[in-house]
Amino acid sequence: MRADPRALRFGAAITTLVLALVLVTGSAWLLAVQAMVFALAVVSRSPYTMLFKALVRSAPKETEDARPPKFAQAVGLVFAIAGLVGYLTGITPLALAATAAALLAAFLNAAFGFCLGCEMYLLIRRLLPAANMEVSK
């Protein structure tokens with residue numbers, strides 16, 4: 001499966017805005033919505049990508065493997081869940097740290113095209129040759 005890098009950056013920009021709002025407002029509900037977006041992106045398609053495709057009709061000049069971005073969305077989901085746990089249990093430092101970490105990763109992708117989760121995926125693939133064998137089957 002292939003992904004449009006423009007759509008990925010668009011989604012990262014919206015995620016950046018949403019997570020910044022979560023930090024400013026302390027809204028666990030808004031973080032829960034973002035966690036759902038991450039979950040949908042892992043199992044299917046991101047609503048942000050679908051919005052991009054509805055707004056932009058031009059075909060991408062190039063595409064990339066969708067597996068690293070899906071992994072990045074899974075990492076984002078883990079951080080969003082950790083942030084939710086922090087907000088819902090009153091452990092504010094956990095909520096703020098997890099949300100801020102996800103925000104930083106989203107910002108790096110939106111602003112500079114650097115996908116931290118994608119790089120983690122590629123590093124894991126290089127370090128664990130057995131994982132490469134399973135994926136290629």
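**Close-ups of a predicted model**

**View 1. Cys-115 and Cys-118 are linked by a disulfide, with 2.3 Å from S to S.** Keep in mind that this is a predicted model. Searching the whole structure turns up 1 disulfide. As a reminder, a disulfide is a covalent bond between the sulfur atoms of two cysteines. Twist about the S-S bond of Cys-115 and Cys-118 comes to about 70°, so this disulfide is right-handed. Is the pair buried or exposed? Both Cys-115 and Cys-118 are buried.

**View 2. Asn-109 sits in helix α5 and touches Cys-115.** With a relative accessibility of 13%, Asn-109 counts as buried, since the cut-off for that label is under 20%. What does Asn-109 contact once its neighbours within four places in sequence are set aside? The list runs to Leu-8, Arg-9, Ala-12, Phe-114 and Cys-115. Leu-8, Arg-9 and Ala-12 belong to α1, which brings us to the helix pair.

**View 3. Helix α1 (residues 5-25) packs against helix α5 (residues 92-112).** Two packed helices are described by the angle between their axes and the distance between the axes. Here the angle is about 150° and the axes lie 8 Å apart. That angle makes α1 and α5 roughly antiparallel to each other, because anything over 145 degrees gets that label. The crossing of α1 past α5 is left-handed.

**View 4. Zooming in on the α1 and α5 contact, residues from both helices meet.** On the α1 side, the residues include Ala-12, Ala-13, Thr-15, Thr-16, Leu-19 and Leu-23. Among their partners in α5 are Leu-96, Thr-99, Ala-100, Leu-103, Ala-106 and Phe-107. Asn-109 from View 2 is also one of the α5 residues in this contact.

**View 5. Arg-6 and Asp-4 join side chains in a salt bridge, at 2.8 Å from N to O.** Side chains of opposite charge can pair when their charged atoms come close. How many salt bridges does the structure hold? There are 2. In this one, Asp-4 is buried, with a relative accessible area of 11%, whereas Arg-6 is partly exposed at 32%.

**View 6. Arg-67 makes a salt bridge with Asp-65.** The closest N and O atoms of Arg-67 and Asp-65 are 2.7 Å apart. Which way do the accessibility labels fall here? Arg-67 is partly exposed, with a relative accessible area of 38%, and Asp-65 is partly exposed too, at 23%.

Notes. Residues are numbered from 1 along each chain as its sequence is written. This is a predicted model: local features need pLDDT of at least 70, side-chain atom pairs count only at pLDDT 80 or more; totals for chains, interfaces and linings use all residues. Side-chain values use heavy atoms; hydrogens and water are left out. A salt bridge is a side-chain nitrogen of Lys or Arg within 4 Å of a carboxyl oxygen of Asp or Glu. Buried means under 20% relative accessible area, exposed over 50%, partly exposed in between (1.4 Å probe, protein chains only). A disulfide is a pair of cysteine sulfur atoms within 2.5 Å. Axes are lines fitted to C-alpha atoms, for helices over the stretch in contact, and angles run from 0 to 180 degrees between N-to-C directions. Helices (H or I, at least four residues) and strands (E, at least two) are DSSP runs, numbered from the N terminus. Angles under 35 degrees count as roughly parallel, over 145 as roughly antiparallel, 65 to 115 as roughly perpendicular and the rest as oblique. A crossing is left-handed if the near helix is turned anticlockwise from the far one by less than a right angle, and right-handed if clockwise. Contact means heavy atoms within 4.5 Å.
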